[in-house]
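Reader: I'm new to this one and would like some help reading it. Could you take me through it feature by feature?

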Amino acid sequence: MSINQLRSDIYQHLSILVEKYCAELTELDPQLTLVAEALKDYLSEGKRFRSIFALIGYLGAGGELKPEIYRAAAALEFLQACALIHDDLMDGSDTRRGKPSIHKQFENLHSTQFGSSAAILIGDLALTWNERALHESGINQAEQIAVNPIHDVMRTELMAGQFLDVLEQTKSGAESFSIERSLKIARYKSGKYSIERPLHFGAALALASYSEKLSEYLTIYSEYGLPLGEAFQLRDDLLGIYGDPEQTGKPAGDDLREGKRTALIAYAHDRGSQEVKALLEKKLGTDLNQSEIEELRTAITETGAATHVENLITKLSKEALASIQRDGLTKESKESLIEMIGLVINRTR
């Protein structure tokens with residue numbers, strides 16, 4: 001089955017869930033229509049990477065797709081919505097996919113405080129719907145028991161990465177530009193929950209009654225998912241500074257204004273002259289104008305950090321590719337995993 005077909009099928013099942021949950025929400029009070037419409041619009045877009053990886057993980061472990069598995073995989077889209085809504089609020093990012101972010105939408109209705117409060121509550125609601133969708137998916141008891149620990153650790157790791165990211169931005173001077181810390185945050189904030197854990201999620205559903213065999217697939221998927229997850233975040237780092245706003249849906253250089261301590265920035269600080277180090281320490285995370293963004297971009301490029309990160313993405317993708325050249329995975333799932341490597345590392349948004 002093609003990646004596009006998997007994405008289409010996920011959206012079909014997700015849409016049914018969203019319509020049901022939003023209808024129930026608006027029955028509580030007509031004013032909650034604002035919340036329902038905001039989430040409905042939010043969930044109508046997205047690459048569906050996490051759900052797709054969950055389905056590929058399921059197929060690779062020998063599972064046969066059925067409606068309840070699609071519904072279980074679609075539950076991950078609610079987790080993604082929660083993460084992005086809260087992330088935009090914490091980062092003070094005003095746009096997402098070319099539209100006002102959730103906190104900005106509601107701020108425009110009343111006040112900054114209202115917008116922040118609404119974003120927290122709507123993100124929490126998406127997390128509630130994430131758990132509800134999984135529990136109501138129709139998977140059997142053995143599948144539920146097998147997948148719950150993976151689902152739980154995925155959400156814990158996501159929170160851990162987000163907290164460490166926020167904490168890192170409170171540091172000042174040279175101590176806030178640690179390559180090791182940036183890569184660790186990237187692994188937990190994005191890499192693991194975007195690729196490795198969704199693959200584990202799918203494998204657990206396929207092999208709920210075969211714990212020894214499940215362990216083998218978890219290992220294979222970690223060897224694939226960890227390097228590719230790191231490459232996924234490194235691509236995000238590059239897009240956050242060099243991405244085309246028409247493609248990313250965010251203003252040019254948004255990560256620079258937000259003061260993101262990404263691996264790309266850490267590499268630039270590590271490799272840069274004293275002047276570059278001072279520039280990054282002074283300007284990063286301030287209200288930059290377009291000229292200052294270009295100045296920072298040029299400085300980062302001249303350190304060779306961007307080239308280094310591109311080379312690292314290539315290296316990590318080759319590691320992921322090598323990890324699946326073995327027996328155990330179905331031919332179709334190998335082809336899908338190979339296709340996903342290209343989609344992850346070559347994306348423009």
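**Reading the model, feature by feature**

Author: Let's begin with L109, which is partly exposed, with a relative accessible area of 45%. Here buried means under 20% relative accessible area, exposed over 50%, and partly exposed in between (1.4 Å probe, protein chains only). Keep in mind that this is a predicted model, where local features need pLDDT of at least 70 and side-chain atom pairs count only at pLDDT 80 or more, while totals for chains, interfaces and linings use all residues. Residues are numbered from 1 along each chain as its sequence is written, and side-chain values use heavy atoms, with hydrogens and water left out.

Reader: Where does L109 lie?

Author: Look in the loop between α5 (102–107) and α6 (112–135). Helices (H or I, at least four residues) are DSSP runs, numbered from the N terminus, as are strands (E, at least two).

Reader: Which residues form a nonpolar patch with L109?

Author: Patches are made of residues with over 30% relative accessible area and no salt bridge; like charges are joined within 9 Å, nonpolar side chains (Val, Leu, Ile, Met, Phe, Trp, Tyr) within 5 Å. In this model L34 and F114 join L109 on the surface, and together the three have about 260 Å² of accessible area. Such areas come from the Shrake-Rupley method with a 1.4 Å probe, and for residues only the protein chains shown count as cover.

Reader: Now the charges. How many salt bridges does a search of the whole structure find?

Author: A salt bridge is a side-chain nitrogen of Lys or Arg within 4 Å of a carboxyl oxygen of Asp or Glu. The search finds 30 of them. In one, the side chains of K40 and E19 meet at 3.5 Å, N to O. K40 sits in helix α2 (residues 33–43) and E19 in helix α1 (residues 3–28), so this pair ties together parts that are 21 residues apart in sequence. K40 is partly exposed at 24% relative accessibility, and E19 is partly exposed at 44%.

Reader: And R96 and D88: buried or exposed?

Author: R96 is buried, with a relative accessible area of 15%, and D88 is buried too, at 2%. They form a salt bridge whose closest N and O atoms are 2.7 Å apart.

Reader: How far apart are K315 and E319 in helix α15?

Author: They are 4 residues apart in α15 (residues 305–323), which means a separation of about one helical turn. Their salt bridge has its closest N and O atoms 2.8 Å apart. There is also a network of salt bridges linking D87, D91, D165, K189 and K260.

Reader: How do I read two packed helices?

Author: Packed helices are described by the angle between their axes and the distance between the axes. Take α3 (residues 49–60) and α16 (residues 331–345): their axes come within 9 Å and cross at roughly 160°. Axes are lines fitted to C-alpha atoms, for helices over the stretch in contact, and angles run from 0 to 180 degrees between N-to-C directions. α3 and α16 are therefore roughly antiparallel to each other, a word used for angles over 145 degrees.

Reader: What about the backbone of R48? Which sign does its phi have?

Author: Most residues other than glycine have a negative phi. R48 has a positive phi of about 60°, although it is not a glycine. You'll find R48 in the loop between α2 and α3, and it is buried, with a relative accessible area of 5%.

Terms used
Angles under 35 degrees count as roughly parallel, over 145 as roughly antiparallel, 65 to 115 as roughly perpendicular and the rest as oblique.
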